[in-house]
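Biologist: Please take a close look at one part of this predicted model, namely the stretches that a database record marks as lying in a membrane, and tell me how the chain is folded there and what surrounds them.

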Amino acid sequence: MAAPKKGRRSPGGQGRPGRVLAFILLVMVALTGGMFAYGHFTPRLGIDLAGGTSFTLEAKNEPGKPNAITKTNMNTAVGILERRVNGLGVSEAEVQTQGKNHIIVNIPKGTNAEQARQQVGTTAQLMFRPVLAAAPAGTMPQPQPTPSASGGSGKDKKGGKSSPSATPSAKPSGSATPGGQGRAVTDALKAPQAPKPTPTPSAPSQDLQKRFAALDCSTKQSRSNAAKAADAAKPTDQVVACDKDGKEKLLLGPVAVDGKDVTGAKAVLDTQQAAGWMVTLKFNGKGSKTFGNVTGKLASQPDPQNRFAIVLDGESVSAPSVRQAIDGGSAQITGNFDQSSANDLANVLAYGSLPLSFDIVDESTVSAALGGEQLHAGLLAGAIGLALVVVYLVAYYRGLALVALASLACSAILTYTLMVLLGPAIGFALNLPAVCGAIVAIGITADSFIVYFERIRDEIREGRTLRPAVERGWPRARRTILVSDFVSFLAAAVLFVVTVGKVQGFAFTLGLTTLLDVVVVFLFTKPLMTILARRKFFASGHPWSGLDPKRLGARPPLRSSRRRPSASTDPKEA
Amino acid sequence: MSRLGALGARLYRGEVGYDFVGKRKIWYGISILITITAIVGLAVRGLNMGIEFKGGAVFTTPKTSVSADAAKRTAEDASGHTAIVQKLGGGKLRVQVSELTTQKSRTTQQALAKKLDVSPNKINTDIVGPSWGDEIANKAWTGLGIFMVLVVIYLAIAFEWRMALAALIALVHDLTITVGVYALVGFEVTPGTVIGLLTILGYSLYDTVVVFDGLKESSKDLTKQTRWTYSEIANRSLNSTLVRSINTTVVALLPVAGLLFIGGGFLGAGMLNDISLALFVGLTAGAYSSIFIATPLVAEFKERDPQMKALAKRVHARRAAQAAKADSTDPADHEADAPEGEGPEDTPPAGVVGPRRQPATRGRGGRGRTQGKRR
């Protein structure tokens with residue numbers, strides 16, 4: 001190793017420690033400042049410490065469709081679940097994929113677990129229902145069936161939620177009609193004349209009319225209730241539903257086409273006609289036939305009865321109008337889409353065809369009381385462990401223990417601030433295993449000090465005075481620390497990549513603290529040691545410094561060998 | 001403590017020491033015995049897998065006056081499976097039912113809530129489908145495998161393949177013992193246990209690596225001298241870093257002990273307890289194996305190396321010569337006072353040994369010199 005390089009005279013090494021120390025202190029201050037800037041002072045707590053419910057869902061291929069568990073499909077499912085869970089009125093719920101085929105849903109305390117389970121556990125319902133009447137959100141009964149939300153009025157809203165038009169594309173070449181221009185603003189006031197054939201229903205019943213008038217889509221809660229009611233309705237019933245943004249409410253006829261008949265949907269940018277983003281969808285045989293029929297009928301209707309709503313979980317995601325019958329099994333929805341809104345809609349449509357079903361494979365509910373208790377226990381265990389380590393270090397290393405304690409404190413500050421900051425940054429949540437990892441890390445961190453201290457003491461036993469001992473012991477200690485920390489980090493990294501769930505949280509903390517250990521030893525302990533070595537208390541080997549050469553059983557000073565220059569050793573020594 | 005420090009110094013200089021390498025057969029024997037016991041225990045009793053692996057449910061109730069028996073009956077009636085009920089601190093109950101379907105778990109939860117007269121929300125529930133448990137276990141095994149391969153590669157690069165092999169054997173040894181203890185005592189294996197077990201991987205190796213690092217350093221330029229065989233150097237290096245090994249192990253165990261104490265004594269059961277128990281057993285085994293197993297193994301592998309064989313031959317030849325020469329003096333003394341025989345052929349190696357930064361024979365060399373000088 002580079003052991004001899006530094007030797008005993010290293011003016012550079014002695015000039016820098018102050019600066020290095022200042023640097024790490026600056027980092028600590030910066031991190032603490034970051035905490036203030038974010039306004040978070042405690043780490044985000046996981047479900048097991050804060051209380052709440054956590055579900056793990058496992059994706060299964062639908063029969064007859066192997067290999068459906070793909071990243072895209074899983075992400076689509078996550079998007080859908082997120083919508084649903086957050087529809088409960090909880091905003092902090094989080095949904096994420098875990099490994100290849102699992103999705104984790106964490107719902108913080110205060111939510112009804114039963115309700116959450118229903119939301120998470122049921123399969124999504126996607127259906128196409130013809131629109132019978134539309135009105136702006138709000139309870140005010142509106143005699144007029146709406147400004148028909150045509151291209152114009154839709155523009156000022158976010159793209160896509162206006163009523164885009166669905167245009168047929170019988171041929172793959174796509175006879176796409178430019179959305180805005182083609183859609184005639186129909187005579188909205190025409191009475192709803194009901195063409196008899198079954199799928200298009202007769203005029204809505206009195207009762208439903210009333211419900212429609214009473215329907216309020218302006219708040220999240222009311223929308224969620226409406227969606228539940230609509231979702232619970234039979235496919236053959238007429239329902240009232242809200243538009244997902246709460247801008248419009250709709251009175252919808254029976255289900256015309258089931259979402260399961262959709263075989264695919266994607267967002268594409270129409271380059272040929274410059275119609276902007278649009279969503280193309282494909283139906284299977286049965287779907288394309290019914291869709292053709294329905295659209296054929298709808299096309300001849302006035303607005304809003306020429307529209308159909310794409311209803312997901314009882315909520316209208318989009319309600320485009322139809323201009324002509326769409327045969328051939330593929331359709332395009334155009335309108336004021338931007339890329340993300342087109343993608344959103346495509347995802348929703350695709351979910352209907354998502355060949356996946358989900359099972360709840362793990363569910364855990366932790367009451368806030370137990371969570372708090374576990375957090376307490378974890379902190380207490382950490383405190384006890386830390387106290388034991390401190391006692392041991394002080395008893396054994398005396399004055400040197402101060403260095404160890406300062407370093408541990410430094411490491412603790414870094415770990416804590418990083419954990420707090422990683423909450424908002426990458427969604428890190430401190431759970432019980434992570435607490436365990438942090439506690440175990442106390443040992444690992446302290447171990448690297450011990451490795452260094454023992455090295456220094458060995459050097460002193462060789463007869464060196466403290467300053468050279470500190471410098472000469474370092475390169476060797478450094479290597480040992482690096483090698484063993486690397487092994488520890490490797491374990492953490494492998495665990496983090498390979499495993500799932502709780503094990504992962506543990507691995508993350510362990511890896512983080514191992515990295516910080518290296519940082520602290522290099523940037524804090526070593527410079528601090530160098531500085532302290534100049535202090536008389538340590539340099540003179542005060543009995544309480546932990547570096548008393550006599551107690552350490554140092555050899556008589558090296559000089560003795562100098563007396564015999566003939567000794568073959570000395571030339572190299574000098 | 002100063003006495004400990006002095007002991008450390010004497011260990012460091014090799015004035016006292018235990019012949020770990022020489023007496024390795026004893027320790028191998030002990031380890032093999034323990035390992036066999038562990039394996040037999042594993043084969044006969046098997047592991048008590050927690051519900052996380054079998055599927056089932058654990059309910060933790062709030063403080064209740066309902067007796068454990070009553071809760072057990074309720075849970076069994078509702079679920080149709082045997083329930084295990086534990087009393088926890090603070091009048092809480094922990095009801096565990098294994099091999100339950102998720103559907104049944106819910107009905108059980110509701111039944112319990114009714115019996116206890118609390119809302120189902122107040123009952124902490126952990127419901128696990130069997131497939132999820134399999135998933136966790138499989139991933140853990142995969143992780144274990146990948147880690148072992150990587151670490152062996154790394155150690156083979158950072159040190160050498162013999163050390164990597166010895167470290168691997170020591171690791172397997174630690175894991176077997178830990179798992180064996182679980183089988184024999186019948187502790188429940190939970191994801192917490194798995195976490196603990198996987199951490200042992202890193203930690204047991206940490207220990208071994210610290211020892212190996214000292215060994216690597218002290219065996220540098222070994223072939224250039226004829227005083228010591230590899231085994232002797234290994235033993236010396238082990239002894240001189242003994243204090244360090246003991247300290248690192250103690251300091252690593254102390255926080256875990258804190259966890260175990262709190263987890264076991266305060267919470268009764270749960271993740272903290274499971275992790276720390278596995279860690280405690282594993283770390284102890286790890287400390288033992290890095291000293292008593294790993295290093296002697298390295299020495300044994302090394303001694304098979306032709307170079308080292310040749311070295312051992314030279315060393316023995318030299319010692320025999322010395323013994324013959326110094327027949328009149330105490331022959332048993334040669335181990336401690338080897339430098340005595342500063343015969344002509346000793347000079348070249350001494351030259352190599354001399355620089356103090358050559359740790360190979362640092363302690364010895366230094367001592368030898370000073371003694372020589374005193375004469």
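Modeller: Over residues 193-215 of chain B the chain is 100% helix and 0% strand, with its end C-alpha atoms 33 Å apart. This stretch is one of those that UniProt, in an unreviewed entry, lists as "transmembrane region" for chain B, and the list also includes residues 164-187. Over residues 164-187 of chain B the chain is 92% helix and 0% strand, and the C-alpha atoms at the two ends lie 31 Å apart.

Both chains contribute to the largest nonpolar core, which has 181 residues and in which A:V105, B:A167 and B:L198 are the residues with the most contacts. The largest share of this core, 18 residues, is supplied by helix α15 of chain A, which runs over residues 432-461. A second core of 52 residues is separate, and among its members are A:V240, A:L298, A:I333 and A:V348.

For chain A, an unreviewed UniProt entry likewise places "transmembrane region" at several stretches, including residues 20-41, 402-426, 432-453 and 506-525. Over residues 20-41 of chain A the chain is 86% helix and 0% strand, with the end C-alpha atoms 27 Å apart, while over residues 506-525 of chain A it is 100% helix and 0% strand, with the ends 26 Å apart. Helix α14 of chain A, residues 399-426, has 28 residues and reaches 40 Å from its first C-alpha to its last, close to the 40 Å expected at 1.5 Å a residue. Just after α14 of chain A comes A:G427, which takes a positive phi of about 75 degrees.

Terms used:
Residues are numbered from 1 along each chain as its sequence is written. Chains are lettered from A and ligands numbered from 1 in the order in which they are written. This is a predicted model: local features need pLDDT of at least 70, side-chain atom pairs count only at pLDDT 80 or more; totals for chains, interfaces and linings use all residues. Helices (H or I, at least four residues) and strands (E, at least two) are DSSP runs, numbered from the N terminus. The expected span of a helix is 1.5 Å times one less than its number of residues. A nonpolar core is a set of buried Ala, Val, Leu, Ile, Met, Phe, Trp, Tyr and Cys residues joined through C-beta atoms within 7 Å. A residue is buried if 20 or more other C-beta atoms lie within 10 Å of its own, exposed if 12 or fewer, and partly exposed in between; C-beta atoms are placed from the backbone. UniProt positions are given in the numbering used here, feature names are shortened, and annotations may be inferred rather than shown by experiment.
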